[in-house]
Amino acid sequence: MNAGTTVNQFNLCYDDELCVDIQKCTLFLPNYNKPAMWSDALRETFRKRVCQRQENFFGTVSIHVGSIGRPLFHSQTPPQTYKVCCGANHIRKYGLELLKLDGCETAIGARIPRLVRGEDAPVDKFPWMVLVFNQRNTSICTGSLLNEHYVLTLASFKEQSHSPTHVRLGELDRNSAIDCDERGKLCAEPPQDIAIERIIPHPDYILLTNNIGLLRLARKASFNDNVYPICLPVLSAFHRIKEPNAPTIQRRYLVVGWGLNENFKPNNKLKSIKVSVVPNDECQNQFSTDMLVARIIDSHICAIGQNMSGTCRGDAGAPMIAMNVNGLYVQYGLLSFGPGSCSYADIPDVYTRVESFVPWILDNLEEPPSSTHKVCCGADNIRKHGLELLKLDGCETAIGARIPRLGRGEDAPVDTFPWMVMVLTENNHTLCTGSLLNERYVLTAAHCAYSKLPTHVRLGELDRNSTIDCNERGKLCAEPPQDIAVEKVTRHNDYRFRVRHNDIALIRLAETATLNNNVYPICLPVLSALHRIKDPNAPTIQRRYLVVGWGLNENDEINNKLKSIKVSVVPNGECQQRLTTYNERAKIFDSHICAIGQNMSGTCGGDAGAPMIAMNVNGLYVQYGLLSFGPGSCSYADIPDVYTRVESFVPWILDTLEE
């Protein structure tokens, strides 16, 4: 800014901008309140965008935008008293905008389980549960996950000698590294330990009044089947509990926590109990004895356990939940105080009424500030992303080649499917199949990296029993396979294990693959010319699609040699009916493709992640699906297999690919 330049008036915002508090505009973050740290360019941006000045208790405030000239605000005065013109893409989200109102809690429509005294919680049943720890790794209370960055808990932790330092998400049994069901078949993902960035107790917390607080996490939680937010009663459809002194309504409420058991020993496994609400005046009478003295107010809820059950020490902060009319679990309370002993089963526990604090919660939820800045960068140094990293003009080597005539599980010729990838564990056990997208990325199913994580992949493999793969005559031989370590696995953030929804993942390789005749990427349906499969419920079109993989054969024996089968697409509606006869809980989504093998052929166990491909009008093999689930046995040849529809996830794939 030139010397002597002054700002004598405020700016009018354009149609696509709003005049908002400076702290809400990401253009001025993270140092919106530190103008001394602003660059000259940012000062000029402020001068052009400042649209309103507000008064605070100091009177009119001003900011300096240059060393000479009329000041706009003094650096010692908080600049959030100014508003600036800010585009919608740069406005920081707050409060209600940060809650997943249409997708909170995964058990949508699920039945509330019939729970007895302190019954163990099933795997993934309560994915919003949080353990809060201090620096000694001692669990000091319980909380509930509100979104990727916030946990709801008590304010009374500030009275403890050791403040909370980190939380654990997705925990069920503290004695188990990986939580599984009784049969050991359904396993949850490992828990996530995340440091606490900020502790926000209610400002009016005194003793047991306004006992509510928020924990802001230092990094974003990764959502999955055992880590997902609870719903809050922020909308009328989520309201349930009536006036504090209304007659008790015998509805089922649940309280979930770890706590101590009736023998005052820690519960290592998550427990839940059923409770019934007690009117506040009746509850007050219980707490007016010589032994128990406490004041019950309107922002409290009292509840007592059914069947002689109750909460115990260590359950502080435990959420009180219920299913609302829309089939969603909603949190109505969090355990504040009570008798503190499991032996007082006839005395209610007292919960902070969450509904009374919804405005305060929303006022304190804020989107993480972005500290990203743009810089001038030469073309050679710009990092590529997404579509730039796919070989659209050269994917798959068999351009113009004829689709081979393949029978039931026919062996694949040398170099025919160079994009095929074996996904392996540390002991060289095959987890799944995948397909090569470029020199650094492999596409596979998300469930392939669920209970076990892959450690490396093998590219360019045809026959696992052969060191060098050759044709029958031994004259045409492929180059040796390439084993490459896995650097990172990225599952789709909305993947649901139980229903195999959004069952797709990307594996980033630790080093660049060497492309040759038997290692080359597959094409994806990223352009209209590569599209082929129509509406999921459209009539079946008898075109030739291929599924390629190693898997098991009809005798449940491992196929050492790469196989391929022809399949035909089945409309999703028909597929749902057929699958229900095999598995009544199976659910087909629009992002699925169903297909069934021709000539009594089909996929078998071990084929998970196998690509479903076809040749498009330009003579290129294109991947339209990847095998997600099905009967899992070659004997169910009349039941379709279900594939993740790759076309539905092209935007996610492109967003995740990076150089």
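User: How do I read the open sheet of 3 strands here, and what is its strand order?
Analyst: Strands of a sheet pair through backbone hydrogen bonds, parallel or antiparallel. In this case the order is E1-E3-E2, with antiparallel pairing. Strands (E, at least two residues) and helices (H or I, at least four) are DSSP runs numbered from the N terminus, and two strands pair if DSSP finds at least two bridges between them.

User: Which strands stand at the edges?
Analyst: Strand E1 (17-21) and strand E2 (50-53) do; each has a single partner strand, so one side of each is left without a neighbour in the sheet. Neighbouring strands of this sheet are turned by 35 degrees against each other on average, direction ignored. Angles run from 0 to 180 degrees between N-to-C directions, with axes as lines fitted to C-alpha atoms, for helices over the stretch in contact.

User: What should I trust in these values?
Analyst: The model is predicted, so to speak with care: local features need pLDDT of at least 70 and side-chain atom pairs pLDDT 80 or more, while totals for chains, interfaces and linings use all residues. Residues are numbered from 1 along each chain as its sequence is written, and side-chain values use heavy atoms, with hydrogens and water left out.

User: Over how many bridges do E2 and E3 pair, and what packs on the sheet?
Analyst: E2 pairs with strand E3 (residues 82-87) in the antiparallel sense over 3 bridges; Val 50 has Val 84 in E3 as its bridge partner. Helix H1 (residues 40-49) packs on the sheet and touches E1, E2 and E3, its direction making about 95 degrees with that of E3. Contact means heavy atoms within 4.5 Å.

User: How many disulfides does the structure hold?
Analyst: A disulfide is a covalent bond between the sulfur atoms of two cysteines, called here when the sulfur atoms are within 2.5 Å. The structure holds 6. One of them joins Cys 19 to Cys 51, S to S 1.9 Å. Cys 19 sits in strand E1 and Cys 51 in strand E2, 32 residues apart, so the pair links distant parts of the chain.

User: What is the handedness of the disulfide of Cys 19 and Cys 51?
Analyst: The torsion about its S-S bond is about 95 degrees, so this disulfide is right-handed.

User: And how do I read the barrel: which strands close it?
Analyst: Follow the order: 6 strands close into a barrel as E18-E19-E20-E23-E22-E21, with antiparallel pairing. The twist averages 40 degrees from one strand to the next. Take strand E18 (residues 420-424) and strand E19 (residues 430-436): they pair over 5 bridges in the antiparallel sense, and Met 420 has Ser 435 in E19 as its bridge partner.
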